[in-house]
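Here's a quick tour for anyone who likes reading geometry off a model. Have a look at the structure first, then we'll walk through it.

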Amino acid sequence: MIPELYCSSGSLCEGLTLIVVSCPYMANVMNKSTVRSIAPKAIEHLTTLLTESQRQSVASYGVQRVAPDTLKYYTDTWEFFTKFEDEIEDYFHDKYGQNWLVKFAGSSTGVYGMVNYMVWTFVNQICKELTGIH
């Protein structure tokens, strides 16, 4: 019997790929179709916001170094987060597990800093997964 999977929002998750592995280094692996099903609107926005070359630069160097004008400042990342909050939270919940928020809260001194760190991490990871650069 295959168990039903529920997203962090409490609704039944459909179209997700369940990956069961014994290797701890592979536990957080997601494929492109899984990522697209978790965060379709955010990915669509990023693919229109960033060219393929920019996505490759972000995947290689990080959004902190090559941020487009629309993701440079706290106001930009706050706006991105509020627009795609559910998808970002579902992505991190699926990638890091139930205590995903601790990763970001422990590395931040305030809410704006935490949201900025979450958005930049999200954009970095999505660009890596879309381009295949890790």
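What follows is a short look at one helix, its aromatic partners and a patch on the surface. Keep in mind that this is a predicted model.

**A helix with a bend**

Let's start with helix 5, which runs over 74–96. It counts 23 residues, yet its end C-alpha atoms sit only 24 Å apart. A straight helix, at 1.5 Å a residue, would reach 33 Å. Where is the kink in helix 5 centred? On phenylalanine 84, with an angle of about 85°. Phe84 is also one of the buried residues of helix 5. That buried set mixes aromatic names such as Phe80, Phe81 and Tyr91 with others, including Asp76, Glu87, Asp90 and Lys95. After the helix comes glycine 97, with a positive phi near 95°.

**Rings talking to rings**

Searching the whole structure turns up 12 aromatic pairs. Two of them are worth setting side by side:

| Pair | Centre to centre | Angle between planes | Type |
|---|---|---|---|
| Phenylalanine 80 and phenylalanine 122 | 6.2 Å | 50° | tilted |
| Phenylalanine 92 and tyrosine 96 | 5.9 Å | 20° | stacked |

Take the tilted pair: phenylalanine 80 belongs to helix 5 and phenylalanine 122 to helix 7, so the contact ties together parts that are 42 residues apart in sequence. Both of these phenylalanines are buried.

The stacked pair is a local affair. Phenylalanine 92 and tyrosine 96 both lie in helix 5, 4 residues apart, or about one turn of the helix. Are its two members buried or partly exposed? Phenylalanine 92 has 0% relative accessibility, so it counts as buried. Tyrosine 96 comes out at 30%, so it counts as partly exposed.

Zoom out a little and the ring pairs link up into a cluster. Its members are Phe80, Phe84, Tyr91, Phe92, Tyr96, Trp100, Phe104, Tyr117 and Phe122. So the residue at the centre of the kink, Phe84, turns up in the cluster too, because ring pairs connect it there.

**A nonpolar patch outside**

Now for the surface. Which residues make the nonpolar patch of about 420 Å²? Tyr74, Trp78, Val111 and Tyr112 do. Helix 5 and helix 7, the latter spanning 111–131, each supply at least two residues of that patch. Tyrosine 74, found in helix 5, has 46% relative accessibility and therefore counts as partly exposed.

Put together, helix 5 and helix 7 share the tilted phenylalanine pair and also both contribute to the nonpolar patch.

Key: Residues numbered from 1 in each chain as written. Predicted model: local features only at pLDDT ≥ 70, side-chain atom pairs only at ≥ 80, totals over all residues. Heavy atoms only, no water. Patch = residues over 30% accessible without salt bridge, like charges linked within 9 Å, V, L, I, M, F, W, Y side chains within 5 Å. Areas by Shrake-Rupley, 256 points an atom, 1.4 Å probe, with all protein chains shown as cover. Salt bridge = Lys/Arg side-chain N within 4 Å of Asp/Glu carboxyl O. Buried < 20%, exposed > 50% of the residue type's maximum accessible area, 1.4 Å probe, protein only. Expected span 1.5 Å × (residues − 1). Bend = angle between axes of the 7 residues up to and from the residue. Phe/Tyr/Trp six-rings, centres within 6.5 Å; stacked < 30°, edge-to-face > 60°.
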